[in-house]
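Hi everyone, thanks for making time for this. I'd like to walk you through one structure, so let me put it on the screen.

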Amino acid sequence: MFAALHIALALVAFVVGVVAIRRRGDRTTHRRLGLAYIACWLVLGASGALLGARRPGVSQFEIINIVGVGVVLLGWTIPAVGAIRRRLGAGWLRWHVRFLLGSLAFPVIAGFNQLAPGLLGLAGLPYPGWAFWALVASPFLVLPR
């Protein structure tokens with residue numbers, strides 16, 4: 001049940017993030033949606049940590065959970081902290097967009113990596129470990145520099 005709530009929250013975070021991108025011309029709405037996105041990710045990170053704590057050791061999903069939260073916080077920190085914005089100059093917006101677009105990929109990739117082993121298993125096929133990491137790396141290879 002808790003895992004289903006975690007997955008639902010990931011979908012909500014994704015939708016809020018996409019709507020925030022679409023509303024970037026309206027600064028007030030974009031900021032409010034951005035804060036909702038951050039809140040979703042903080043709860044998503046906490047619920048992911050709780051799900052991971054149920055099992056011994058550290059899984060790939062726990063690592064990706066931490067990286068995802070970190071990417072979101074970096075994307076939020078850049079416009080939120082004036083000193084960072086001034087240090088980056090006119091390029092701050094590019095970094096903000098890069099981190100937050102990258103963060104949108106995390107729920108999609110995590111969801112796929114949760115579904116693929118089960119679906120392939122039904123067909124009697126293994127899900128190789130390298131496929132997990134290739135999917136995790138893919139957003140960083142295709143997002144604009």
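Before we start, one term: when I say two residues touch or are in contact, I mean that they have heavy atoms within 4.5 Å of each other. And please keep in mind that this is a predicted model.

Let me use that term straight away on Leu88. Leaving out residues up to four places away in sequence, Leu88 touches Ile78 and Trp95. Leu88 belongs to helix 4, which covers residues 82-88. For Leu88 and Ile78, which are 10 residues apart along the chain, the C-alpha atoms are separated by 8.7 Å. Is Leu88 buried or exposed, or something in between? Its relative accessible area is 34%, and since buried means under 20% and exposed means over 50%, Leu88 counts as partly exposed.

Now let's step back to the whole protein. There are 6 helices and 0 strands, so to speak a run of α-α-α-α-α-α when you read along the sequence. Taken along the principal axes, the C-alpha atoms fill a box of roughly 55 × 30 × 30 Å. Of the 145 residues, 31% are buried. The exposed surface comes to about 9,200 Å², with carbon and sulfur atoms supplying 72% of it. And if you take the contacts with a separation of 6 or more, 63% of them are between residues 24 or more positions apart.

On to the inside. Nonpolar side chains in soluble globular proteins tend to be buried together. Here, the largest nonpolar core has 24 residues, and Tyr37 and Trp41 are the ones with the most contacts inside it. Which elements give two or more residues to this core? They are helix 1 (2-22), helix 2, helix 3 (60-80), helix 5 (92-122) and helix 6 (129-142).

Tyr37 is a good place to click. Beyond its neighbours within four places in sequence, Tyr37 is in contact with Ala13, Val16, Gly17, Val72, Leu100, Ser103 and Leu104.

Trp41 brings us to the rings. The count of aromatic pairs comes to 3. One of them is Trp41 with Phe106: the ring centres are 6.4 Å apart and the planes are at 90°, so this pair is edge-to-face. For those of you checking the geometry, the cut-off on centres is 6.5 Å, and planes over 60 degrees apart count as edge-to-face. The pair links distant parts of the chain, with Trp41 in helix 2 and Phe106 in helix 5, 65 residues apart. Trp41 is buried, at 4% relative accessibility, and Phe106 is buried too, at 7%.

Another pair is Phe132 with Trp133. Their ring centres are 4.8 Å apart and their planes are at 80°, so this pair is edge-to-face as well. Phe132 is buried, with a relative accessible area of 4%, whereas Trp133 is partly exposed at 40%.

While we are on rings, have a look at two arginines. The charged end of Arg98 sits over the ring of Trp95, 4.4 Å from its centre. Arg85 lies over the face of Trp92, at 5.9 Å from the ring centre.

Next, a small meeting point between two helices. Ser47 lies in helix 2, residues 27-53, and His6 is in helix 1. What separates Ser47 and His6 in sequence and in space? They are 41 residues apart in sequence and 6.3 Å apart in space, C-alpha to C-alpha. Setting aside neighbours within four places, Ser47 is in contact with Phe2 and His6. Under the same kind of exclusion, His6 is in contact with Leu44, Ser47, Gly48 and Leu51. Ser47 is buried, with a relative accessible area of 9%. His6 counts as buried at 18%, because the cut-off is under 20%.

Last stop: charges. Side chains of opposite charge can pair when their charged atoms come close. How many salt bridges are there in this model? The count comes to 1. The side chains of Arg23 and Asp26 meet in it, at 3.1 Å from N to O. Arg23 is partly exposed, with a relative accessible area of 39%, and Asp26 is partly exposed at 29%.

That's my tour, and I'm happy to take questions.

Technical notes:
Residues are numbered from 1 along each chain as its sequence is written. This is a predicted model: local features need pLDDT of at least 70, side-chain atom pairs count only at pLDDT 80 or more; totals for chains, interfaces and linings use all residues. Side-chain values use heavy atoms; hydrogens and water are left out. Helices (H or I, at least four residues) and strands (E, at least two) are DSSP runs, numbered from the N terminus. Buried means under 20% relative accessible area, exposed over 50%, partly exposed in between (1.4 Å probe, protein chains only). A nonpolar core is a set of buried Ala, Val, Leu, Ile, Met, Phe, Trp, Tyr and Cys residues joined through side-chain atoms within 4.5 Å. Rings of Phe, Tyr and Trp (its six-membered ring) pair if their centres lie within 6.5 Å; planes under 30 degrees apart count as stacked, over 60 as edge-to-face and the rest as tilted. A charge sits over a ring if NZ of Lys or CZ of Arg is within 6 Å of the ring centre and within 35 degrees of the ring normal. Accessible areas come from the Shrake-Rupley method with a 1.4 Å probe; for residues, only the protein chains shown count as cover. A salt bridge is a side-chain nitrogen of Lys or Arg within 4 Å of a carboxyl oxygen of Asp or Glu.
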